Structure formats: C-alpha cells, structure tokens
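Trainee: I would like to go through this model with you, starting with a cysteine.

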Amino acid sequence: MLTDDNLSRIRNRARGAINRVTQHKIIGNDMKMLNIGCGDTANSQWVNIDLGGGDNVTSHDVTKGLPFPDQSFDVVYHSHLLEHLPREKALSFMGECFRILKPGGIVRVLVPDLEQISRLYLEKLARAEEYETEYDWIMLELYDQCVREKSGGLMEQYLIDVAGSLTPFIASRMGGGAAKYTETTKTQFVPAKLTWRNLSRTLYILRIELAKLVVYAITGKKGQRAFAEGLFRHSGEVHRWMYDKFSLGRLMNNAGFAEIRVVSPLESSIPNFGHYNLDAVDGVVRKPDSLVMEGTRP
C-alpha cells in the first residue's frame, strides 16, 4: 500500500537523484561557492568571508548570521570553524548555511575529529613510556586548543622548540602545515607578526589597549590579566566544542540537510573540488586530523 510516508520517501529519493545528476552537469566555475572562515585559504573563484577580512576576503562575524540572501549559493564550505563556535550557536549557524544554499546545493564541513584524536590518545597512553613524545603531542592536540590563554598556546611553543626535528607522527598529524616547521630551525623560526589590515582593525586594537589600562587602574595587574584572557578566549581561536561523526551528522540533520555522509579530504561531491586546493595541495592533506562530512539541501 502506498502510504503518505512511502510517497514522501520516494519523492525525496527522486529529488536527491535529480540533484546529483544536476550537480555533475555543473562546471565548477559556473557555481556560486562560499568559503566561510577562510583564514589563509581564500580562493578567488569563491566568495570568502572571515572575521579578520583581507585580500578577496570580506570581514564578517558569523555568529551574527550570514549576510547573504536565501538560496544564493550552490556550495557552502567551512573548515575548522564550527568547533570555535559555542555549542548553543552551532545549530543556528548550520541553519544559516542551509538557508543560503539552493535546493540541491552541497555543504562541506571539516572539524577536528574527536573520535580519531581520542583513539590515538588511548593508543599512546597505553604505551606512554615507549611513545612519550607522541603521547605529549596528542594530549596537546586534544586539550590545548580548548584551554589556551594566548595565541598559539602550548602547541605553538612545542613546535617552536622542536623546529627542524618533528617526529614522523607529529608531522603526519600536521599534514601540509608541517613544512613550516620542518624547513626551519629553532633559531631561525620567527612567529608571525601582527598585521593591521585596515583602519577598523587598528582602531579596535587601540581601544583594547586603552581598556587594559583602565582595567589595570581599577583592578590592578591580576584584573588586567583576567580581562586580557577573557578577550582572547572570545577572539575565535579557542575551541568551544568538539565533534565526532555522530554529533556532527545529527547537527547537520537537525539543520535540515539530507544525504549526509563522511568523506575523505580527497573526496567530494562538489565538482572539481580538488582544483581549489582547499583541503589538499598536490595530494598532501592540509589537516589530517579532520572529520569531513557533506550533505545536501533537499
């Protein structure tokens, strides 16, 4: 008997099949694609937004929604952004991704893979005396980005200290980012300098420095340190939550996405995705610690 539920499932499957055929017919350059929280991976063929702004990058705070009309993109992509949002804001953000996608559009999400990191932690813990260096690193990978009080945290300091002599395990966890540390030495390494991209950024920094002086005048050095730490923890660098394939898939489903699946960093339903060098360059994965999931808007 053909019930309403069965009819609905048939329609959804047919719609999904049509969407997949349509997607494969679209040439990548003809699509409108959005890269949210692009950082240093902006691509001129995409619309790029990031909190800091920059060349070909629009400055925007994604916690205030996405500044685009409904159904205006064929692809929405964000890598290692979702974990920086408070858990209670994750669903509304993914809902915004759903809103701006066209029917049949693809969302691709990358986050640090909590399951993978946890399994490695337990593996290294069981043999910590034999693999102490690997144990120390995976502990930092699991925890440092959640609790750090300054930019880069203990992970950055660790990498500076061992620059030029990364172990194969740490290099494998860093992927494409390992080159920054394997091609230099501790004495040659210089942390990136702060660059003031525009006037608004300069004024913001000046306001913060003035506020620190006011806080110091009222509460002393301890209060000033607490104020500075609080600002940093709300700067967007700290991890506010972690995800595995179940929790991320559930979040995407609750936001309305369908055909949700785990893919590798080298695999995508987005036509010509590898051409854009977002998740891998010349076959080298940028962030091997990633869980990668895709879904479509029905």
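Trainee: Is Cys38 buried or exposed?

Mentor: This is a predicted model, in which local features need pLDDT of at least 70, side-chain atom pairs count only at pLDDT 80 or more, and totals for chains, interfaces and linings use all residues. Residues are numbered from 1 along each chain as its sequence is written, and side-chain values use heavy atoms, with hydrogens and water left out. Buried means under 20% relative accessible area, exposed over 50%, and partly exposed in between, with a 1.4 Å probe and protein chains only. Cys38 has 4% relative accessibility, so Cys38 counts as buried.

Trainee: How many disulfides does the count come to?

Mentor: A disulfide is a covalent bond between the sulfur atoms of two cysteines. The rule here asks for a pair of cysteine sulfur atoms within 2.5 Å. By this rule, the count of disulfides is zero.

Trainee: What is the relative accessibility of Cys97?

Mentor: Cys97 is among the residues in contact with Ile36 (heavy atoms within 4.5 Å). Cys97 counts as buried because its relative accessibility is 0%.

Trainee: Which element gives the most to the largest nonpolar core?

Mentor: A nonpolar core is a set of buried Ala, Val, Leu, Ile, Met, Phe, Trp, Tyr and Cys residues joined through side-chain atoms within 4.5 Å. The largest one has 29 residues, and Ile36, Leu82, Phe93, Met94 and Leu248 have the most contacts inside it. Elements giving two or more residues to this core include strand E1 (33–36), helix H2 (87–100) and helix H9 (245–254); helices (H or I, at least four residues) and strands (E, at least two) are DSSP runs, numbered from the N terminus. With six residues, the element that gives the most is H2.

Trainee: How many residues are in the second, separate core?

Mentor: Trp137, Leu140, Met174 and Met242 are among its members. The size of this second, separate core is 15 residues.

Trainee: How far apart in space are Thr63 and Leu85, C-alpha to C-alpha?

Mentor: Thr63 lies in the loop between strand E3 (57–59) and E4, and counts as partly exposed because its relative accessibility is 39%. Beyond its neighbours within four places in sequence, Thr63 is in contact with Leu85 and Lys89. Thr63 and Leu85 are 22 residues apart in sequence, and their C-alpha distance is 7.7 Å.

Trainee: What share of the protein chain's residues counts as buried?

Mentor: The protein chain has nine helices and nine strands. Of its 298 residues, the buried share is 41%.
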